[in-house]
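Student: Could you take me through one part of this structure up close? I'd like to hear about the packed middle and whatever surrounds it.

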Amino acid sequence: QAAAEAALRGPQQCVAEMAKAYARRRDLALAVVAKHGLYEYSPQGAFYLLVPVPGGDADAFAHRLLEEEGVAVAPGSSFGGASSAHVRISLASSEAALAEGLGALCAMATRDRGSVVQQ
């Protein structure tokens with residue numbers, strides 16, 4: 001309990017800096033997904049983003065993204081039925097890693113969207 005009190009009463013500059021870092025990463029992620037037509041909402045306090053996947057099978061999409069591109073995301077179905085057609089992106093990575101991973105995700109989604117439309 002003493003450690004928790006010290007963390008809450010101690011210097012808070014690091015908290016403000018981390019909040020700004022997460023806001024930058026969120027804004028970067030939103031710009032990338034919006035550019036590819038995958039924008040749905042802006043998280044206000046979370047350090048993750050749910051992104052829709054073409055065809056709605058987030059489990060299969062997440063597995064393929066890992067196998068084909070080496071990018072790990074969590075299928076939205078792990079977080080309840082309402083997000084089952086989404087993958088969850090963590091904003092805890094560096095900006096460079098986030099941009100690279102989102103680039104691969106968006107490229108795969110764009111390819112999949114084309115195949116879903118053609119069927």
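What follows is a walk from the core out to the strands, the helices and the charged pairs.

Tutor: Sure, with a bit of housekeeping to begin. This is a predicted model, so local features need pLDDT of at least 70 and side-chain atom pairs count only at pLDDT 80 or more, while totals for chains, interfaces and linings use all residues. Residues are numbered from 1 along each chain as its sequence is written, and side-chain values use heavy atoms, with hydrogens and water left out.

Now the core. The largest nonpolar core has 24 residues. By nonpolar core I mean a set of buried Ala, Val, Leu, Ile, Met, Phe, Trp, Tyr and Cys residues joined through side-chain atoms within 4.5 Å; buried is under 20% relative accessible area, exposed is over 50%, and partly exposed is in between (1.4 Å probe, protein chains only). Val51, Phe61, Val73, Val87, Ile89 and Leu105 have the most contacts inside this core. Two or more residues each come from helix 2 (13-35), strand 1, helix 3 (58-69), strand 3 and helix 4 (95-118), and helix 4 gives the largest share, 7 residues. Helices (H or I, at least four residues) and strands (E, at least two) are DSSP runs, numbered from the N terminus. In soluble globular proteins, nonpolar side chains tend to be buried together.

Val73 is a nice place to stand. Leaving aside neighbours within four places in sequence, Val73 is in contact (heavy atoms within 4.5 Å) with Ala62, Leu65, Val87, Arg88, Ile89 and Leu105.

On to the strands, which count as paired if DSSP finds at least two bridges between them. Strand 3 (residues 86-90) runs antiparallel to strand 1 (residues 48-52), joined by 5 bridges. Strand 2 (residues 74-75) also pairs with strand 3 in the antiparallel sense, over 2 bridges. Arg88 in strand 3 stands opposite Leu50 and also opposite Ala74.

Helix 2 deserves a look too. Its 23 residues reach 33 Å from first C-alpha to last, close to the 33 Å expected at 1.5 Å a residue (the expected span is 1.5 Å times one less than the number of residues). Ala21, Arg25, Ala29, Leu30, Val32 and Val33 are buried in helix 2. Just after helix 2, Gly37 takes a positive phi of about 70 degrees.

Last, the charges. There are 6 salt bridges in the structure, each being a side-chain nitrogen of Lys or Arg within 4 Å of a carboxyl oxygen of Asp or Glu. One of them links helix 4 and helix 3: the side chains of Arg111 and Glu69 meet at 3.6 Å, N to O. Arg111 lies in helix 4 and Glu69 in helix 3, so this pair ties together parts that are 42 residues apart in sequence. Both ends are partly exposed, Arg111 at 44% relative accessibility and Glu69 at 37%. Arg64, Glu68 and Asp112 are linked in a network of salt bridges.

Glu5 and Arg9 also form a salt bridge, with their closest N and O atoms 2.9 Å apart. These two are 4 residues apart in helix 1 (residues 2-9), so about one helical turn separates them. Glu5 is partly exposed at 41% relative accessibility, whereas Arg9 is exposed at 69%.
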